[in-house]
Amino acid sequence: MSRVLSGIQPSGDLHLGNYLGAIHNWVSDQDAHDAYYCIVDLHALTLDIDPNELRARTHDSALDLLAAGLDPERCTLFVQSHVVEHTQMAWLLECTATMGELRRMTQFKDKSAGQDSVRVGLFTYPVLQAADIVLYDAERVPVGDDQRQHLELAREVAGRFNHRFGEILVVPEAAVPAAGARVMDLQHPERKMSKSVSSPLGTVLMLDSPEEITRKVKKAVTDTDNEVRYDPESKPGLANVIELLAVATQRTTDDVANSYERYGDLKVDCAEALVELLRPIRTRRAELAADPGAVPALLARGAHKATEVASATYARAAQAVGLLGRS
Ligand code: TYM
């Protein structure tokens with residue numbers, strides 16, 4: 001079975017973009033692959049986050065992911081900081097990556113824009129991400145469209161490491177879904193739905209109530225020409241609603257667009273489809289919350305299993321670069 005790894009930041013409530021762009025595929029990858037999923041708390045330290053909140057969110061992210069369908073019997077779910085090899089491997093890769101290639105990262109450019117002082121961790125963020133991936137010999141990395149560039153960097157750095165030290169690391173590939181890879185903000189359809197930008201009405205949370213989902217979809221910004229057509233360039237708001245309905249009901253965007261004449265009808269059906277898509281997650285999340293004591297044990301098991309794989313890869317890489325092993 002080929003290996004899969006992906007990660008998610010515990011930086012707030014999960015939203016529809018996280019679910020459709022990534023988690024939905026994580027769930028389906030559990031059966032056909034040996035899947036490792038990581039809550040990347042170290043990456044979250046690049047943002048300003050209150051320590052107690054980070055701890056609570058890391059714990060709650062595990063509940064959210066389980067509710068969304070991750071099954072600890074079929075995948076390995078763990079917290080990044082529980083496996084110390086992530087930071088160790090990141091250092092080996094920092095000595096492989098270049099300033100130039102990190103400076104080109106658009107997420108770094110966006111997040112550092114306008115800041116007087118930029119943290120080094122924000123700059124080296126994608127190298128830690130590359131370490132997350134190569135430690136598990138992952139061939140496949142299910143992510144949304146916004147992670148493509150980071151995945152390219154991981155490929156580049158792993159390839160360079162191998163070129164210098166021999167075939168030590170598996171060069172990973174991004175697995176980006178055909179639909180749902182870039183869910184846009186319902187109020188600002190020119191930008192992606194995001195945890196870090198506050199847009200309460202534009203962001204459908206995975207655990208929103210049916211009423212909240214319906215309200216947000218009905219208020220989605222579209223345009224005024226009243227012609228239903230899938231055209232992301234000139235009608236981004238409408239295209240987003242069409243795409244959401246298409247993904248939620250497993251139809252094509254053209255099929256959906258051809259079935260409607262009025263924006264209002266399209267929005268009503270989109271809201272209903274999203275309510276039904278997310279309903280089981282919300283129900284399961286409430287059940288899981290009744291037994292929160294189960295999470296630490298489950299994460300400990302995940303960390304144990306992840307460490308077995310990660311420590312072997314790190315030992316291989318450390319030996320290859322010439323670090324003297326401790327006896
Ligand atoms: P994060 O936490 O921002 O997002 C988690 C996943 O959700 C996807 N996503 C979206 N997909 C579609 N539409 C959107 N609007 C949307 N917003 C987010 C992301 O593409 C991602 O797949 N750097 C990563 C976390 C990470 C990681 C890794 C990922 C750390 N190490 C190793 C893969 C492998 C991040 O910040 O994702």
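**Cavities, the largest pocket and the ligand site**

In this predicted model, the second largest cavity is lined by D208, P210, I213, V275, L278, R279 and R282. The elements that contribute two or more residues to this lining are α9 (210-218) and α12 (263-289), and of these α12 makes the greatest contribution, with four residues. The space inside the second largest cavity amounts to about 30 Å³, and its lining comprises four nonpolar and three charged residues, with no polar residue among them.

A search of the whole structure returned two cavities of 30 Å³ or more. The largest cavity holds about 60 Å³ of space, and the residues that line it are M105, Q107, F108, K111, L122, Y125, P126 and H150. At least two residues of this lining are supplied by each of α6 (106-112) and α7. When the lining of the largest cavity is divided by class, five residues are nonpolar, two are polar and one is charged.

The largest pocket encloses about 1,200 Å³ of space. Its lining consists of 46 residues, of which Q107, K111, D146, Q147 and K192 are the closest to the centre of the pocket. Two or more lining residues come from each of β1, α1, α2 (41-44), α3 (51-67), α6 and α7. The lining of the largest pocket is made up of 17 nonpolar, 16 polar and 13 charged residues. Q107 and K111, listed here as close to the centre of the largest pocket, also appear in the lining of the largest cavity, and α6 and α7 likewise contribute to the lining of the pocket as well as to that of the largest cavity.

The space of the largest pocket is that taken by the ligand. The ligand is surrounded by 28 residues, the closest of which are Y125, D132, D146, V183 and M193. Among these, D146 is also one of the residues closest to the centre of the largest pocket, whereas Y125 is also found in the lining of the largest cavity. At least two residues of the shell around the ligand are provided by each of β1 (3-8), α1 (16-32) and α7 (120-134). By class, the shell around the ligand contains 11 nonpolar, 12 polar and five charged residues.

Polar contacts to the ligand involve both side-chain and backbone atoms of the protein. An N or O atom in the side chain of N18 lies 3.1 Å from an oxygen atom of the ligand, and a nitrogen atom of the ligand is found 3.2 Å from a polar side-chain atom of Q147, a residue that is also listed among those closest to the centre of the largest pocket. For V183, one of the residues closest to the ligand, the contact involves the backbone, with a polar atom placed 2.8 Å from a nitrogen atom of the ligand. The ligand taken alone exposes 710 Å², of which 96% is buried by the protein.

How values were computed: Residues numbered from 1 in each chain as written. Predicted model: local features only at pLDDT ≥ 70, side-chain atom pairs only at ≥ 80, totals over all residues. Heavy atoms only, no water. Near = heavy atom within 4 Å. Polar contact = N/O pair within 3.5 Å; in protein donor to acceptor, adjacent residues only side chain to side chain. Areas by Shrake-Rupley, 256 points an atom, 1.4 Å probe, with all protein chains shown as cover. 1 Å grid on protein atoms, 1.4 Å probe; cavity = no way out; pocket = protein on both sides within 12 Å on 5 of 7 lines; lining within 4 Å. Sits in = over half its atoms within 2 Å of the grid points. Nonpolar A, V, L, I, M, F, W, Y, C, P; charged D, E, K, R; others polar. Points joined across faces, edges and corners; volume = space filled by probe spheres on them.
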